[in-house]
Amino acid sequence: MTTTADTTWVAVCPLADLAVERGAAALLGDVQVALFRLADGTVHAVQQLDPFSGANVMSRGIVGTRGGEPTVAGPMYKQVYSLRSGLCLDPVGYEPRPGHEPVLVTYPVDVRGGVVHVGAAR
Amino acid sequence: MTAATETQRLVVVGGGMVAQRLVEALLERETGGWHVSVFAEEPRLPYDRVALTSYFSARDPEELVLGDPAMWDDPRVTLHRDCKVEGIDREARTVTDRLGRVHAYDELVLATGSSAFVPPIPGADLPGVFVYRTVDDVAALRGWVDQVRAGRADDTVERPVRGAVIGGGLLGLEAAGALRALGAQATVVQFGTHLMDVQIDLGGGEALKRLINDKGIAVRCSSATERMRADRTSGHVSRLDFADGGRLPVDIVVVATGVRPRDELARAADLPVGERGGAVVDLACRTEDPHVSAVGEVACIEGRCIGLVAPGYAMAEVVVDRLLGGPATFPGADTATKLKLQGVDVASFGDAFARTEGAMELVHADPVAGVYKKLVLADDARTLLGGVFVGDAAPFASLRPMLGAELPGDPGAFLLPEGGGGGAPQLELPDGAGVCSCNNVSAGTIRGAVTEHGCTDLAAVKACTRAGTSCGSCLPLVKKITTAELERAGIEVSNALCEHFELSRAQLFDAVRVADLHTFSEIIERFGRVPEAAADDLPVGPGRGCDICKPTIASILASLGNGHILSGEQASLQDTNDHVMANMQKDGTYSVVPRIPGGEITPDGLLVIGQVAKDFGLYTKITGGQRIDMFGARIEQLPDIWRRLVEHGFESGHAYGKSLRTVKSCVGSTWCRYGVQDAVGMAVELELRYRGLRSPHKIKLGVSGCARECAEARGKDVGVIATDNGWNVYVGGNGGFTPRHARLLAEDLSSEELLRTIDRYLMYYIRTADRLQRTAAWMEDVEGGLDGVRAVIMEDSLGICADLDAAMARHVGEYEDEWRAVLEDREKLRRFGSFVNAPTTPDPDLAYVAERGQRRPATADERADAPVIAGPVLEVRV
Ligand code: SRM
Ligand SMILES: Cc1cc2nc3c(=O)[nH]c(=O)nc-3n(C[C@H](O)[C@H](O)[C@H](O)COP(=O)(O)OP(=O)(O)OC[C@H]3O[C@@H](n4cnc5c(N)ncnc54)[C@H](O)[C@@H]3O)c2cc1C
Ligand code: SF4
Ligand code: FES
């Protein structure tokens, strides 16, 4: 674990372990995050918990774009989220589970030396 | 007539289309104290005579029943079926039925329709000569064709059944099409100079003849039939002799030379009849006797009887309004007609023969294409008086309501082929313009269905307004108006798949196939559209797809045979379930469904599934699809579970895919004392043939061993029912949200023919259906409906059968078990890790409780109350 100015970074996996345009879950202590490696080479990290189903499944959604904005669709009920802001762009008529908000926590990602690092939540 | 205060007796003679509408309209208006008794000569509920020809394919008279049959159970209505009225006593105000019973009326309505007119040709009464008016006529005709064919069964040379139709009008051509549909030859014998000479001119008739010939129907114009001759041994009709000395050998003859009003009751009751028959009525539909009205084809109104249903419906509404004290009068008849013969477009309306003083004709003819189009305009060269369309009746629907109005722009533009020369100007119909004449629905009413009643698609508009629910000829226009109105209301109706593709799924399928593309990147590069960027800092480009287009393209690529669904870039397109080849459950774990073809499983197979479920702690349940589902498998367990299953001969059941699910079967002749064929064997064969076939939505089949139908095959996309001679195949069934019974596609097929028929049906569906459209919904959209599909796959009307066959042969040849392939591929196995940095660690949040001897996900409350069985219990690692 390394610490830069105000962020604590955790090395998670080699970039090569992430499939392009598909997600993968990672376990950081007891926090579950979903990592997405996009076609343009960037990697995004959001919470693995799906606010609409309460299950840890976000990494298994379909990656895509909306007006150029990189997105992931919740695999359970198909809500669409921005991968950059975590905001739910389309709740498709559903409400989040009690105690949850229609937004995903996002985490900073840094790929250094071919290794994906995830920082503390923004 | 006066408005009724206490119960008054209305008697309607005749239980046809117009009588049905009259009763329906009266009930809609709460009847005002009337009780109505309907006397019907036919033994069935009033049915859709206009759609009579479809009885050849549907064969289920119930499908022709008009309106809601529950109407006849209303206490204010009594229907006497099979109960002809034999006489009227106007003085006593009674009618006498065929059983001699006398019924009193306060008001009497004659709705006795017409009978087929048979000219006095010698031999017209021979066995084998038919008319075409009722369900019984059609059943008899069909039976005769079957009988002739059966009689030939032992002939060494196969000879087709030879049919002739006397009369080349609308009805005759429809009958000729029906003969062809029965597999008989057909020759249309027309007395006049050209076909449909009442509706279209000679030029149109010539074009029509070519189109009719293309349907395999022969045409003989200017031919008077002098005599029908009998076969010496059988006594059945066997030859037509013409006035010009010509002869035509025949096995069956249909006479379609017009109709005559059934005015015999009116005549006997001394009511005035028209010059050419029919009970004379005024514009209130009243005869000379103020207590007797006449409606429909039997009514002689404005000096003539009208052989169309729409004016009859209008008369029914007039009578109902009058019964309730209203002032309605007959609005005049729209006599526009459209031929209902699959693949032959003919329509005429208004002054088709330019008989109006000073009328001008504008003609576009393309003899090679068999197209003839004519507009009749008033002397101002703008006001539309009528038209004839042959070969391309597309402009008919939108021009017909413009009758009597000025056309915008250059009238010639309406005659040009669509897309050529700029095409016709957009017509904006006034709200008052009639669109559906069968049901008297105006453009304004259709717009209102969208704006006021919140209808958002064609189906809803049809249900709400009844427009398009009878003959269907107005449907294109109803659709156009609906679409325009929805667009105006800001409701998206484009058939674009999503923001990334302008094309519909069917268009995309063809595009991908023709352009021979094999990856998503190529496809979006070539056919994608560039959406507006959502923010300034975002790149402008076609984007990278979404959860709608990606799985759709994944499915198209799979249907076209592009290797394993998880190979290369394809993996990134797969829906959540396909990506791990299992169905995600509410807690993020998965269900595992091995294929159990036809529901047949050995005791050893059951033991394997039982042992696997036990070892991995999975909840088990028998599914509605005759197989076993194991629930609660974690993503990282899936390969281990499948390794065990594959080792014992199981394979993927594709419960996760938009693909073949199951072929449900009953036990059939193997054990059942009633079974006439091996239903299980056929189900297994079908399931193995179509397993893994990717499609627009899931596909389910069923096979029953006899007509008792224990496999509920008619609730499936394709249902097969055993007969003494082979198999009947039904298509377009559905359970789910909108249950529908599958309809008969073909009968008595051999096993080989059955496979070929289903092959083509499924491939045609896969190529042309919309995304997530089950076959039942697709059958409603597809060109020509059931008949259209039959023409394409049984008669190769589009010439694509060889292509469909080849596509299915490739699927069958290339099939491999997806799960087995993954187990052999280390790279693909990697996606099944639970965490990229801890691939075998279970999701720590999973929690279960025991119920009825098995485990299930804990509810939120139960989690709070702990203790729960958490994490990996009863687990075996291999
Ligand atoms: C497991 C099963 C229920 C059971 O325990 O019996 C089931 C389970 C589901 N059905 Fe079903 N259906 C099951 C038989 C049926 C049947 C009965 C049958 O096939 O004979 C029907 C009605 C017949 C039909 O399809 O016409 C049926 C009509 C539906 C529908 C409505 C489809 C429609 O056209 O209206 C859906 C929703 C959809 O597909 O959009 C659906 C969707 C689902 C989903 C996918 C819902 C979901 O999104 O999670 C369930 C997935 C379960 C899973 O993860 O495995 N399921 N479902 C049955 C699996 C059968 C199998 O062996 O594959
Ligand atoms: C094959 C075919 C295709 C057609 N296609 C079209 C089309 O595309 N468009 C169109 O507008 N029209 C079409 N028509 C015509 C349309 O069907 C008729 O205009 C319509 O059915 C007339 O309705 P109706 O109630 O007046 O008569 P019908 O529907 O004929 O009903 C009259 C009923 O009264 C019964 N009846 C007669 N006498 C007695 C009695 N004494 N007692 C008791 N019952 C009696 C008869 O048995 C019959 O059932 C078609 C007709 C046929 C046969
Ligand atoms: S009926 Fe509903 S709850 Fe039951 S299996 Fe089908 S989709 Fe699930
Ligand atoms: S015009 Fe016949 S259904 Fe509309």
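Let's start with a contact in this predicted model: an oxygen atom of ligand 2 is 2.6 Å from an N or O atom in the side chain of Arg133(B). From there we can look at the rest of the shell around ligand 2, then move on to some aromatic rings and the charges that sit over rings.

**Around ligand 2**

- Arg133(B) has plenty of company: 29 residues surround ligand 2, and the closest also include Glu41(B), Glu42(B), Glu297(B) and Lys340(B).
- Sorted by class, that shell is made of 13 nonpolar, seven polar and nine charged residues.
- Helix 1 (17–28) and helix 4 (170–181) of chain B are both part of the story, as each gives the shell at least two residues.
- The backbone joins in too: a nitrogen atom of ligand 2 is 2.9 Å from a polar backbone atom of Val85(B).
- An oxygen atom of ligand 2 is also 2.9 Å from a polar backbone atom of Val309(B).
- How much of ligand 2 does the protein cover? On its own, ligand 2 has 990 Å² of accessible area, and the protein covers 94% of that.

**Aromatic rings**

- Over all chains, the count of aromatic pairs comes to ten.
- Take Tyr764(B) and Trp778(B): their rings are 5.5 Å apart, centre to centre, with 80 degrees between the planes, and the pair is edge-to-face.
- What does this pair tie together? Tyr764(B) lies in helix 20 (residues 751–768) of chain B and Trp778(B) in helix 21 (residues 775–781) of chain B, so the pair connects parts that are 14 residues apart in sequence.
- Both Tyr764(B) and Trp778(B) are buried.
- Now for Trp819(B) and Phe832(B): their ring planes are at 40 degrees and their centres 5.3 Å apart, so this pair counts as tilted.
- Trp819(B) sits in helix 24 (residues 818–823) of chain B, while Phe832(B) is in the loop between helix 25 (826–829) and strand 37 (847–851) of chain B, so the pair links distant parts of the chain, 13 residues apart.
- Are these two rings' residues buried or exposed? Trp819(B) is buried, with a relative accessible area of 0%, and Phe832(B) is buried as well, with 3%.
- Back to Tyr764(B) and Trp778(B): together with Tyr761(B) and Tyr765(B), they form one aromatic cluster.

**Charges over rings**

- Arg21(B) lies over the face of Tyr313(B), at 3.9 Å from the ring centre.
- Arg708(B) does the like with Tyr674(B), lying over its face at 3.7 Å from the ring centre.

Key
Residues are numbered from 1 along each chain as its sequence is written. Chains are lettered from A and ligands numbered from 1 in the order in which they are written. This is a predicted model: local features need pLDDT of at least 70, side-chain atom pairs count only at pLDDT 80 or more; totals for chains, interfaces and linings use all residues. Side-chain values use heavy atoms; hydrogens and water are left out. A residue is near a molecule or strand if one of its heavy atoms lies within 4 Å of it. A polar contact is a pair of N or O atoms within 3.5 Å; within protein, one must be able to donate a hydrogen and the other to accept it, and residues adjacent in sequence count only if both atoms are side-chain atoms. Accessible areas come from the Shrake-Rupley method with a 1.4 Å probe; for residues, only the protein chains shown count as cover. Helices (H or I, at least four residues) and strands (E, at least two) are DSSP runs, numbered from the N terminus. Ala, Val, Leu, Ile, Met, Phe, Trp, Tyr, Cys and Pro count as nonpolar, Asp, Glu, Lys and Arg as charged, and the others, Gly among them, as polar. Rings of Phe, Tyr and Trp (its six-membered ring) pair if their centres lie within 6.5 Å; planes under 30 degrees apart count as stacked, over 60 as edge-to-face and the rest as tilted. Buried means under 20% relative accessible area, exposed over 50%, partly exposed in between (1.4 Å probe, protein chains only). A charge sits over a ring if NZ of Lys or CZ of Arg is within 6 Å of the ring centre and within 35 degrees of the ring normal.
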